[in-house]
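Work through the exercises below with the sequence and the model in view. Each task is followed by a solution in steps.

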Amino acid sequence: MSESIFTKIYKGDAPGEVVFRDDLCFVILTITPNNPGHMLLIPIEETPDWQDLEPDTFSHMMLLAQKLGKIVKKVYNPPKVALSSVGFEVPHVHIHIFSLFKIADIDHGNARSTTPEAMRIEADKIRAAIKQEGLVE
């Protein structure tokens, strides 16, 4: 089985904005955000479905998702923050964390492509907030 695009980004073999990493997972910005700062929380171990993750990895990711959700709230000030796992495009678990300003924002069909420069700007905002909150890479 070949490596997923997420593993290639993690290893530096493909471009991507990694904003956080630890021993179990990493966080990147998606190239098709629903809103600016749309992050993907991904386990290092390639697993197709979230329900098949090792319990310790799943627990760790959910606690991290909660912290990242608070960062999204702080940086973008949305009324709500979404958390979803879909995975039709890439069969490697990825948890979407993004701001919701209206109910239609939850629909991944409304996501739009962004530019590398726009991703860098948003990644810098998120990295600064992660550092301020003590979640250092």
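A residue is called buried under 20% relative accessible area, exposed over 50%, and partly exposed in between (1.4 Å probe, protein chains only). The model is predicted: local features need pLDDT of at least 70, side-chain atom pairs count only at pLDDT 80 or more, and totals for chains, interfaces and linings use all residues. Residues are numbered from 1 along each chain as its sequence is written, and side-chain values use heavy atoms, with hydrogens and water left out.

**Exercise 1. Three loop residues**

Task: Decide whether Glu 46 is buried, partly exposed or exposed, and do the likewise for Asn 77 and Asp 105.

Solution. Helices (H or I, at least four residues) and strands (E, at least two) are DSSP runs, numbered from the N terminus.

Step 1. Glu 46 sits in the loop between strand 3 and helix 2. Its relative accessible area is 26%, so Glu 46 is partly exposed. From Glu 46 to His 94 the C-alpha distance is 9.9 Å, although 48 residues separate them in sequence.

Step 2. Asn 77 belongs to the loop between helix 2 and strand 4. With a relative accessible area of 62%, Asn 77 is exposed. Asn 77 has a phi near 55°, a positive value in a residue other than glycine.

Step 3. Asp 105 is found in the loop between strand 5 and helix 3. Its relative accessibility is 6%, so Asp 105 counts as buried. Contact means heavy atoms within 4.5 Å. Beyond its neighbours within four places in sequence, Asp 105 is in contact with Asn 34, Asn 35, Phe 98, Ser 99 and Leu 100.

**Exercise 2. The sheet**

Task: Work out the order of the strands in the open sheet, and find which are the edge strands.

Solution. Two strands pair if DSSP finds at least two bridges between them.

Step 1. Strand 1 and strand 2 are antiparallel, with 3 bridges, and form a hairpin with 3 residues between them. Phe 20 has Val 27 in strand 2 as its bridge partner.

Step 2. Strand 2 is joined to strand 3 by 5 bridges, again running antiparallel. Here Phe 26 stands opposite Ile 42, and Leu 29 has Met 39 as its bridge partner.

Step 3. Between strand 3 and strand 5, also antiparallel, there are 3 bridges. Leu 41 is partnered by Ile 95 of strand 5.

Step 4. The 5 strands of the open sheet thus have the order 1-2-3-5-4. Strand 1 and strand 4 (80-85) are the edge strands, each pairing on one side only.

**Exercise 3. Strand 3**

Task: Explain why strand 3 is described as largely enclosed by the rest of the structure.

Solution.

Step 1. Met 39, Leu 41 and Pro 43 point one way from strand 3, while Leu 40 and Ile 42 point the other way.

Step 2. Because 5 of the 5 residues of strand 3 are buried, the strand is largely enclosed by the rest of the structure.

**Exercise 4. The nonpolar core**

Task: Find how many residues the largest nonpolar core has and which element gives the largest share of this core.

Solution. A nonpolar core is a set of buried Ala, Val, Leu, Ile, Met, Phe, Trp, Tyr and Cys residues joined through side-chain atoms within 4.5 Å.

Step 1. The largest nonpolar core has 24 residues, and those with the most contacts inside it are Val 19, Met 39, Leu 41, Leu 68, Ile 97 and Ile 130.

Step 2. Two or more residues each come from strand 1 (18-21), strand 2 (25-29), strand 3 (39-43), helix 2 (55-76), strand 5 (95-100) and helix 3 (116-132). Helix 2 gives the largest share, 7 residues.

Step 3. Another core, of 9 residues, lies apart from this one and includes Phe 6, Ala 14, Ile 28 and Leu 40.

**Exercise 5. Two helices**

Task: State at what angle helix 2 and helix 3 pack and how far apart their axes are.

Solution. Axes are lines fitted to C-alpha atoms, for helices over the stretch in contact, and angles run from 0 to 180 degrees between N-to-C directions.

Step 1. The angle between helix 2 and helix 3 is about 120°, and their axes are 10 Å apart.

Step 2. Helix 2 contributes Leu 68, Ile 71, Lys 74, Val 75 and Tyr 76 to the contact, and helix 3 contributes Glu 122, Lys 125, Ile 126, Ala 129, Ile 130 and Gln 132.
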